[in-house]
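Grab a coffee and work through these exercises with the model open beside you. Try each task before you read its solution.

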Amino acid sequence: MFLSCFLVTALLAAAQSQSGRTSNTNSIKVNPQEGLKYVWIPAFIPAGKFMMGCSPGDECPNDEKAHRVAITKGFWFGQTPVTQRAYERVMQEGLHRVARQSGFKGANLPVDSVNWVEARSYCYAIAGCLPTEAEWEYAARAGSTGMRYGDPDKIAWYEGNSDDRTHEVGQKQPNAFRLYDMLGNVREWVADWYGPYRQGAQIDPYGDARDPFPVVRGAPWYQGDFAVRVSKRDFLWLDNWTFNLGIGDPDWDWIWVSMRPTLMNALNDSASVFTGNVPG
């Protein structure tokens, strides 16, 4: 299913380019299916090329080796993690079900404990995908080359300022692409399977499907500022609820992972243009 999602996205992007619908730079639109804002992420840094992985001067594990990546097509990307209100609206599930998928409760809090299968189901319900690792990091960096795009206290909720909980989305400073909460609050599922990065320069890469563990990116509210790094990557079980339930420790029942979809449609016909004030 992931490969088909990748191919459909590429074909739609190519069709948009051929039809001249490529002037989306700086656009923010609302997806009516869920009521969340999406930002157009252009491929122009330059031509979508960037260094993925360990940033200069950073101390990184071996699975974050720096390598050059080219993102060849722009894409619509969620401005924030998916909120509990949006999840309930799209999946049409009662509050009891949404409550099971969030350790902290609140309409504008991120849904914080969905497993990878549930995250993909949400994305497909809105005609979207989970981003690839490369797309996620390209969007998170937004042209920056450092380990993070700002002061941790100003851009992220983490152990030093979270008061031991998640927070409503969009409360911290965004990055240069006007994306919020990329490096803190909750972790986010991506489409790739975990494994070492491929050697050499890559074009629109995606992870090794032979590995049984999907990747999560970003940092959760309970980790220190050492985790507020744009190249940080980790993995969890495919169905983390199956793994967690029955352990006996209630803290393990919450995995603190959300998602931030990319959209396979152009948001040109059905979406409303956001006309409010956009920070950053």
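**Exercise 1: a sheet from β3, β4 and β8**

Task: Find the bridge partner of A70 in β8, then work out the sheet around that pair.

Solution. Start with the pair itself: in β8, A70 has I203 as its bridge partner. Strands here are DSSP runs of E with at least two residues, helices are runs of H or I with at least four, and both are numbered from the N terminus. Two strands pair if DSSP finds at least two bridges between them.

Before going on, a word on the source: this is a predicted model, where local features need pLDDT of at least 70, side-chain atom pairs count only at pLDDT 80 or more, and totals for chains, interfaces and linings use all residues. Residues are numbered from 1 along each chain as its sequence is written, and side-chain values use heavy atoms, with hydrogens and water left out.

Next, zoom out to the strands. β4 and β8 (residues 202-203) are parallel, with two bridges between them. On to β3 (residues 49-52) and β4 (residues 67-70): they run antiparallel and share four bridges. Among the facing residues, F50 stands opposite V69, and M51 has R68 as its bridge partner.

Put the strands together and you get an open, mixed sheet in the order β3-β4-β8. β3 and β8 are at the edges with a single partner strand each, so one side of each has no neighbour in the sheet. Then add the helix: α5 packs on this sheet, touching β3 and β4, and its direction makes about 100° with that of β3. Those angles run from 0 to 180 degrees between N-to-C directions, with axes fitted to C-alpha atoms, for helices over the stretch in contact.

**Exercise 2: the helix on that sheet**

Task: How many residues of α5 are buried, and what follows the helix?

Solution. First the cut-offs: buried means under 20% relative accessible area, exposed over 50%, and partly exposed in between (1.4 Å probe, protein chains only). Now count along α5 (residues 133-141): nine of its nine residues are buried. Charged names are on that list too, including E133, E135, E137 and R141, alongside W136 and Y138. Just after α5 comes A142, with a positive phi near 50°.

**Exercise 3: the four-stranded sheet**

Task: In what order do the strands of the sheet with β10 and β11 lie, and which helix packs on it?

Solution. The order is β10-β9-β7-β11, in an open sheet with mixed pairing. β10 (233-235) and β11 (257-258) are the edge strands, each pairing on one side only. Inside the sheet, three bridges link β7 (residues 187-193) with β9 (residues 214-217), and these two run antiparallel. One of the pairs is W189 with V216. The helix is α4 (residues 116-125), which touches β7 and β9 and points at about 90° to β7.

**Exercise 4: two loop residues**

Task: Is D63 buried or exposed, and what does its side chain meet?

Solution. Locate D63 in the loop between β3 and β4. Its relative accessibility is 15%, so D63 counts as buried. The D63 side chain makes a polar contact (N or O atoms within 3.5 Å, one able to donate a hydrogen and the other to accept it; residues adjacent in sequence count only if both atoms are side-chain atoms) with the side chain of Y194, at 2.7 Å. Beyond four places in sequence, D63 is in contact (heavy atoms within 4.5 Å) with Y194, Y197 and R233.

Task: Which residues does A156 touch, leaving out those up to four places away in sequence?

Solution. A156 is in the loop between α6 (152-155) and β7. With 0% relative accessibility, A156 counts as buried. The residues it touches are N161, K172, L183, G184 and V228. Take L183: 27 residues from A156 in sequence, yet 5.8 Å away C-alpha to C-alpha.

**Exercise 5: the whole chain**

Task: What is the average pLDDT of the protein chain, and where does the score fall below 50?

Solution. pLDDT is the predictor's confidence in each residue, from 0 to 100. The chain averages 82, and 75% of the residues score at least 70. Residues 14-23 are below 50, with nine contacts beyond near neighbours in sequence. Residues 269-280 are also below 50, with 21 such contacts in the model. Where pLDDT is low, the predicted coordinates should not be read in detail.

To finish, tally the fold: seven helices and 13 strands, with 54% of the 280 residues buried.
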